[in-house]
There are 6 protein chains.
Amino acid sequence: MAHVVVQNVARADQSVIDGLAQHGVATVHEAQGRRGCLASYLRPIYSGARIAGSAVTISAPPGDNWMVHVAIEQLRPGDILVLAPTSPCDDGYFGDLLATSALARGARGLVIDAGVRDVRDLTEMGFPVWSRAISAQGTVKETLGSVNVPVVCAGVAIEAGDVIVADDDGVVVVRRAEAAEVLAAAEARTANEEAKRLKLAQGMLGLDLYEMRPRLAEKGLKYV
Amino acid sequence: MAHVVVQNVARADQSVIDGLAQHGVATVHEAQGRRGCLASYLRPIYSGARIAGSAVTISAPPGDNWMVHVAIEQLRPGDILVLAPTSPCDDGYFGDLLATSALARGARGLVIDAGVRDVRDLTEMGFPVWSRAISAQGTVKETLGSVNVPVVCAGVAIEAGDVIVADDDGVVVVRRAEAAEVLAAAEARTANEEAKRLKLAQGMLGLDLYEMRPRLAEKGLKYV
Amino acid sequence: MAHVVVQNVARADQSVIDGLAQHGVATVHEAQGRRGCLASYLRPIYSGARIAGSAVTISAPPGDNWMVHVAIEQLRPGDILVLAPTSPCDDGYFGDLLATSALARGARGLVIDAGVRDVRDLTEMGFPVWSRAISAQGTVKETLGSVNVPVVCAGVAIEAGDVIVADDDGVVVVRRAEAAEVLAAAEARTANEEAKRLKLAQGMLGLDLYEMRPRLAEKGLKYV
Amino acid sequence: MAHVVVQNVARADQSVIDGLAQHGVATVHEAQGRRGCLASYLRPIYSGARIAGSAVTISAPPGDNWMVHVAIEQLRPGDILVLAPTSPCDDGYFGDLLATSALARGARGLVIDAGVRDVRDLTEMGFPVWSRAISAQGTVKETLGSVNVPVVCAGVAIEAGDVIVADDDGVVVVRRAEAAEVLAAAEARTANEEAKRLKLAQGMLGLDLYEMRPRLAEKGLKYV
Amino acid sequence: MAHVVVQNVARADQSVIDGLAQHGVATVHEAQGRRGCLASYLRPIYSGARIAGSAVTISAPPGDNWMVHVAIEQLRPGDILVLAPTSPCDDGYFGDLLATSALARGARGLVIDAGVRDVRDLTEMGFPVWSRAISAQGTVKETLGSVNVPVVCAGVAIEAGDVIVADDDGVVVVRRAEAAEVLAAAEARTANEEAKRLKLAQGMLGLDLYEMRPRLAEKGLKYV
Amino acid sequence: MAHVVVQNVARADQSVIDGLAQHGVATVHEAQGRRGCLASYLRPIYSGARIAGSAVTISAPPGDNWMVHVAIEQLRPGDILVLAPTSPCDDGYFGDLLATSALARGARGLVIDAGVRDVRDLTEMGFPVWSRAISAQGTVKETLGSVNVPVVCAGVAIEAGDVIVADDDGVVVVRRAEAAEVLAAAEARTANEEAKRLKLAQGMLGLDLYEMRPRLAEKGLKYV
């Protein structure tokens, strides 16, 4: 198989991307029809980050981070690195030197279905990472992979230029072509939720707010 | 099988419940004969919470949180929601709107052998959750379950009205009928530990404090 | 099999140990040829600790912490307890009383391929632990193990007196006899990294800094 | 906590038990309202066994099989041993000598949320086991547990005298008091399935057999 | 999100598909550049099956097998059902009645990133299944999914009409458009391996057959 | 770190090795004081094999099987290959060509804390493998490892020349220097077990055979 680096990938509109970041992962995921969540084993290395950006994808062999260096050259300000190993691996592909380089290129963070290290440094630098492991185990630079090809990361297919949204709830991907539409749906959803939140805070029950009682009875729920 | 909501469940005495919260999970678990710990994969979404309350139990299908709405109506101030899916599931059954509603009804927290989302909001609201996953993946409202029936949550059988104690060490359940007795045992244990802690802090060895040396020798331990 | 306590284990030079702590796990691991990392499922109970010390090893049966008491007597100031169960176990072998005792003997922390409890207390005491689980489940004191014998902890062979380095990235072991040599290599590596970090921060690419382009081309990487 | 052996446990009618064995796990589970399946990580040590029997339950500490000897005395012909460790453990609690003894007492098999060994011998003896692990790791006989108390085994609450049904699909428990009723429901279900199987084998679609098309359309399924 | 059934999906040439089955999973995977293997947790329910067919894909909610009935109508002789749940689930989505129906429509097997049941019956019927679990836990028919849309199954993106090859080594997917090319590469590889196998069987070392010694020396391998 | 191949490793006496094979894993493990079992996730690719041999150890990078070729040259008749990856990896390091070569050199089998493929061929060849995964995912030949150095495989430290015993219960390692002594202990144990088996088969209880009743009573077991 040819190992390739795809250059000049199309990105979504930056204002749309930034808008998606405001809404967060859970809302965006609902807004696009409950699709696109990466597996829940991806966890942030520190709490409180909420970012969105265009995916620069990396397909890398197990235990080999050579392609990360290649990918960093492809970064544009506002991008997010997305690394998927070609077979399961927990090694620490990424640390403070790579983060320094990625930050210098404008990256907003990393999503990696593998391990990361130097997490104290990354936290101090404010470089957020969502990973399946934290591991000091180093990697080699011997075998090619590819950059900006379609990957499956943590169970979800991602293409270069898709929009990644990540926060304390995890990571969701929005197709580039659907980003504006999803943002609109997220805005509608958020607006709608505010009114509900107020009623619920006042003690109204979801059973009444969502008019669930008749359907529950019809399905056969018994109160005893 | 009939899907039911059991109403008017008996609770333990509130002062007993509050007393158990003071002692924490490890002590309560020891005080009742080293029983009742839920599986260690249940983790708090933030550190530092220490609560106790009466269980309002929820048996829910995988990927379906309809019964949470039903359960919230059954909450009384001081209760804790306990959700067990009928087959393993990591989806995010619970988020900020449900937490708003549960708080309005006086709930102290949630123990869920599944996923939770909106964890940043829940942390800001001070609504503690112990869960097996953090996941933005949403759920549907299509299939009935039951409320306040006996469940097995994270490996432990729990009945509605049992006392749940949860802190950074995890979650333990105390049978409602045994709560007062367990509190007394916990108090005795805590008092007893204080004296030991002082001696250990002064450098006395557990080998001497607990008089272990003869029995170790008898079992055949050799110093070389 | 004889159950033994090996006394008077040789330690590495304390200044070497303290030097290794300065460099942290990832650097030390690289400095010794990318060896010695314990499995990444070992996680710290709180963030920010960075320690090094001589291993006092404990081989313990599942669900039995008797040998921890025996091991504490063998501690010297600056040591780290390292516990490996003889078969997989998540129970909470260690809590605040044992930590009080270990601190009184000068221990710097605990590495345990099992569970720990009282983590709020341990955090307040500043006693760091790297464990595979946090679990309130208590243990018994019925069956012998051994102290200061070779163990395999989280996938790595460790001998008493080996140097343990632990931080937010995990845990690495350095052979006692190699500690000084590894420290020298770590110092060289750290010095070398500083210059690189500066260049990367200024926007220089790793592709150029490490002169990777020719070899990538030779291996067949295509830009499209 | 007192460690007890409950004697003279009530069993279900033997003809009902044998009837349930005929229907197998999947059918029995459906017949009782889709309840009672033990976790799917329990697997048979060999294929083809299909048994039912009354549960003699064992609550045992991790790595300690003393209570198995105690439980064997409580066996009556047609019973099944059900062992749940008090915390997760993969050790081999049971091997050919215990199986020889259990067979001599009329046991039909073992369900164990832990490990088993001597599986070649057990296979030759025709003593079926459903376990979470196969492990040669031996256990000690130092700490008490209990026999014929309620346990949670592989995620399901089981009481002594409940009916266990096990085959290649796994294990299901039927409450003793419900056994006859569940058998009747299983018989009805099996009879009903025969007719459906014939139609499906002739090429009739489930969509038509179960009249699903209108409801699918109503829910919004689109054919494109 | 619209729930859809895509009809009249293009398939690869049947003779190409059958050719791929002859070569098996490992060879096909190598022949297409070491791509396309589904996660190794997918295991066959019985040994010895080796099949290939066109994917009819199913995206299904957790614990809901309604879409399997819909998918069966879309089967053509020689097809393979491929089911991916929208969040992780081990339930038994598929059993003997569905297999009877699928066989009547000409299906060659099922690949499912979830559970299957009635495995004894499926084995007797000769209907092979590769699954992540064997589980009697039944499912409901309440929530829509989609058929013949792109899915990610066990970590790999699959489109309807892609060629699935499965045997005792697991499952690999070949893009429909590449199937003929991959078959040719597999044939070349198999022919090439035969000559090598003969030499290796005669005692020739891979070190010599593949002329590895110079490169090993160059990389620095030392014999001591 | 230097990558080395250690040649001319000492082996145990072949008659001792063959004797250990007769007793099997569980007995050998008990005979040496309940030590040496590899993790239970290592499973045989087919049932019924029972082998023993001298370990030729391989330390290999994740996803790279180059060192297997190097190790095969070091095989002597009766040896067993033991592969430990330097970080967790499920890839299929070993298949039918390597097995052909290993068989030609007299190897008795493979123990691998990673994946294996071509399992149907290996089964037909009668080449037994104990692995953590079956995976068609191929590996590269780019990065050095070492042969016949100490490794940790599936949680146990193994040195080249140690005796490996493997059967359906898993894998155990016996130190080379202790092999004769362990064999003697295994023979004594097996002889002793025969008499016990006969008594147990006749219905005698372990409670009586092992005289457990007084100690159970002393510990406080209550019959109710």
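What follows is an exchange on how the chains of this predicted model meet and on the grounds for each term used.

Me: What makes chain E and chain F related as by a three-fold rotation axis?

Reply: Chain E can be laid on chain F by a turn of 120° with a shift of 0.0 Å along the axis, and the RMSD of that superposition is 0.0 Å. The two copies are thus related as by a three-fold rotation axis. For chain A and chain C, too, a rotation of 120° with 0.0 Å of shift along its axis gives a superposition with an RMSD of 0.0 Å.

Me: How do you know that chain A is in contact with chain C, and how many residues take part?

Reply: Contact requires heavy atoms within 4.5 Å, and 35 residues of chain A are in contact with 33 residues of chain C. Between them the two chains bury about 3000 Å², 57% of it on carbon and sulfur atoms. Within chain A, the residues that lose the most area to chain C are A:Trp66, A:Leu97 and A:Arg120, which together account for 21% of what that side buries.

Me: Why is the pair A:Arg117 and C:Glu30 called a salt bridge?

Reply: The rule asks for a side-chain nitrogen of Lys or Arg within 4 Å of a carboxyl oxygen of Asp or Glu. The side chains of A:Arg117 and C:Glu30 meet at 2.8 Å, N to O, so the pair satisfies that cut-off of 4 Å. The count between chain A and chain C is 4 salt bridges, and there are also 16 residue pairs in polar contact between these chains, with both residues at pLDDT 80 or more.

Me: Which elements of chain A supply the side that touches chain C?

Reply: At least two residues each come from strand E1 (4-5), helix H2 (66-74), helix H3 (96-104), helix H4 (119-125) and strand E6 (129-134) of chain A. H2(A) gives the most, with 7 residues. By residue class, this side of chain A divides into 15 nonpolar, 11 polar and 9 charged.

Me: What makes E1(A) and E12(C) a pair of strands?

Reply: Pairing needs at least two bridges between the strands, and E1(A) is joined in the parallel sense over 2 bridges to strand E12 (residues 222-223) of chain C, so the criterion is met. One of the positions involved is A:Val4, whose bridge partner in E12(C) is C:Lys222.

Me: What is found between chain E and chain F, and which residues of chain E lose the most area there?

Reply: Here 33 residues of chain E are in contact with 35 residues of chain F, and the buried area is about 3000 Å², of which carbon and sulfur atoms give 57%. E:Asp169, E:Tyr223 and E:Val224 are the residues of chain E that lose the most area to chain F, together 17% of what that side buries.

The interface of chain E and chain F holds 4 salt bridges by the rule. Among them, E:Arg197 and F:Asp96 meet through their side chains at 2.3 Å, N to O. In chain E, helix H1 (14-31), helix H5 (179-201), helix H6 (206-209), helix H7 (213-219) and strand E12 (222-223) each supply at least two residues of the side that touches chain F, and H5(E) gives the most, with 5 residues. That side of chain E divides into 14 nonpolar, 6 polar and 13 charged residues. In addition, 2 bridges join E12(E) to strand E1 (residues 4-5) of chain F, the two running parallel, and E:Tyr223 stands opposite F:Val5 in E1(F).

Me: How do you know whether chain A and chain D are touching or apart?

Reply: No contact joins chain A and chain D, and their closest C-alpha atoms lie 14 Å apart. Chain C and chain E likewise do not touch, with their nearest C-alpha atoms 14 Å apart.

Me: Why does the salt bridge of D:Arg35 with D:Glu178 tie together parts apart in sequence?

Reply: The closest N and O atoms of D:Arg35 and D:Glu178 are 3.3 Å apart. D:Arg35 lies in the loop between helix H1 (14-31) and strand E2 (43-44) of chain D, whereas D:Glu178 lies in the loop between strand E11 (170-174) and helix H5 (179-201) of chain D, so the pair ties together parts that are 143 residues apart in sequence. Over all chains, the count by this rule comes to 108 salt bridges.

Note on methods. Residues numbered from 1 in each chain as written. Chains lettered and ligands numbered in written order. Predicted model: local features only at pLDDT ≥ 70, side-chain atom pairs only at ≥ 80, totals over all residues. Heavy atoms only, no water. Least-squares fit on C-alpha atoms with pLDDT ≥ 70 in both. Buried area = accessible area lost by both parts, 1.4 Å probe. Polar contact = N/O pair within 3.5 Å; in protein donor to acceptor, adjacent residues only side chain to side chain. Helix = DSSP H or I, 4+ residues; strand = E, 2+ residues; numbered from the N terminus. Nonpolar A, V, L, I, M, F, W, Y, C, P; charged D, E, K, R; others polar.
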